[in-house]
Structure formats: structure tokens, C-alpha cells
Amino acid sequence: MRWIHRDSVITCDHDGRVENRPSRKWVTVTGVPVLVDDDPEGRDIVACPNYGPTIKPCTTTLTVRVGYSDWIRVDGHRVVLSHLSGFTNGTPPGLVRHTVRDPRQQFLGADR
């Protein structure tokens with residue numbers, strides 16, 4: 001598993017892109033701030049193509065189910081890892097997830 005940072009690609013199941021905003025900026029991978037808990041939660045999702053008369057596109061990430069390190073912390077917050085998975089607010093409710101498509105770094109890894 002790789003550490004996730006601001007430039008990592010996190011998408012909804014429909015390929016809408018999550019806008020990453022790191023809350024801590026002093027720990028970086030190749031100069032890019034890493035994400036910590038709860039950075040992937042409550043973030044905007046742009047360009048979700050899942051829409052229609054009775055279909056709600058993914059616009060926001062919800063609570064992360066898995067993906068935080070058990071051991072590595074930054075300022076007391078757990079580091080986000082590449083096995084990240086949580087739900088979005090899109091339809092069908094409780095089934096559409098957000099996950100890491102590409103960590104965009106190959107330098108730092110962890111075993112949870």
C-alpha cells in the first residue's frame with residue numbers, strides 16, 4: 001500500500017474525481033503534502049457522469065470505511081493509504097464508493 005497525497009487520483013465508481021485538500025502540509029512526498037484522517041471525507045467530487053431525471057451524481061465523499069494507517073500518524077492523525085474506500089452521496093445510496101485510482105507516487109509504502 002502506498003501513502004496518498006494531494007496529487008493522488010481518488011475517484012467515485014463512475015470516474016468522477018475527488019478534489020483532495022490536505023489539512024496538514026508539513027509532511028510531504030516529493031514535495032506534495034500527504035493526506036491524513038479525515039482529509040478524504042466531505043470532499044467535492046467533480047465530473048461524475050452518473051446523472052439523469054431520477055439519478056443523483058456523486059458530488060461529495062462520505063465517511064471512509066477503510067484506508068487509514070493503523071501505525072503511521074502525522075500530528076496525531078492517521079496517514080491515508082492506497083486501499084482507501086468509502087461511500088459517496090450518489091445513487092444508488094450506500095452502494096457507490098470512492099477509491100484510489102492512482103497513488104501518483106512509488107516512494108512511500110506501508111503495511112497498514
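**Exercise 1. Work out whether Asp102 is buried, partly exposed or exposed in this predicted model, then find its salt-bridge partner.**

Step 1. Start with the accessibility of Asp102: its relative accessible area is 30%. Buried would need under 20% and exposed over 50%, so Asp102 lands in the partly exposed class.

Step 2. Now look for the partner. Asp102 makes a salt bridge with Arg104, and their closest N and O atoms sit 3.4 Å apart. That passes, because the cut-off is within 4 Å.

Step 3. Check the other end. Arg104 is partly exposed too, with a relative accessible area of 47%.

**Exercise 2. Find the partner of Asp15 in a salt bridge, and say which parts of the chain the pair links.**

Step 1. The partner is Arg101, with 2.6 Å between the closest N and O atoms.

Step 2. Place both residues. Asp15 belongs to the loop between β1 (9–12) and β2 (17–18), while Arg101 is in strand β8 (residues 97–102). With 86 residues separating them, the pair ties together distant parts of the chain.

Step 3. Add the surroundings: Asp15 has a relative accessible area of 45%, which makes it partly exposed.

**Exercise 3. Do the same for Asp37 and Arg78, and classify each residue by accessibility.**

Step 1. The two form a salt bridge, and the closest N and O atoms are 2.8 Å apart.

Step 2. Asp37 is in the loop between β4 (32–33) and β5 (45–46), and Arg78 is in strand β7 (residues 77–88). They are 41 residues apart, so this pair also links distant parts of the chain.

Step 3. Asp37 comes out at 13% relative accessible area, so call it buried. Arg78, at 29%, counts as partly exposed.

Step 4. For context, searching the whole structure turns up 7 salt bridges. The general idea is simple: oppositely charged side chains can pair when their charged atoms come close.

**Exercise 4. Describe how β7 pairs with β6 and with β8.**

Step 1. Take β6 (residues 61–74) and β7: they run antiparallel and are joined by 6 bridges. One pair to look at is Tyr68, which stands opposite Val80 in β7.

Step 2. Inspect the connection. β6 and β7 make a hairpin with 2 residues between them, and Asp75 in the turn has a positive phi of about 55°.

Step 3. Move to the other pairing. β7 and β8 are antiparallel as well, over 3 bridges. Here Ser85 has Thr99 in β8 as its bridge partner.

How values were computed
Residues numbered from 1 in each chain as written. Predicted model: local features only at pLDDT ≥ 70, side-chain atom pairs only at ≥ 80, totals over all residues. Heavy atoms only, no water. Salt bridge = Lys/Arg side-chain N within 4 Å of Asp/Glu carboxyl O. Helix = DSSP H or I, 4+ residues; strand = E, 2+ residues; numbered from the N terminus. Buried < 20%, exposed > 50% of the residue type's maximum accessible area, 1.4 Å probe, protein only. Pairing = 2+ DSSP bridges.
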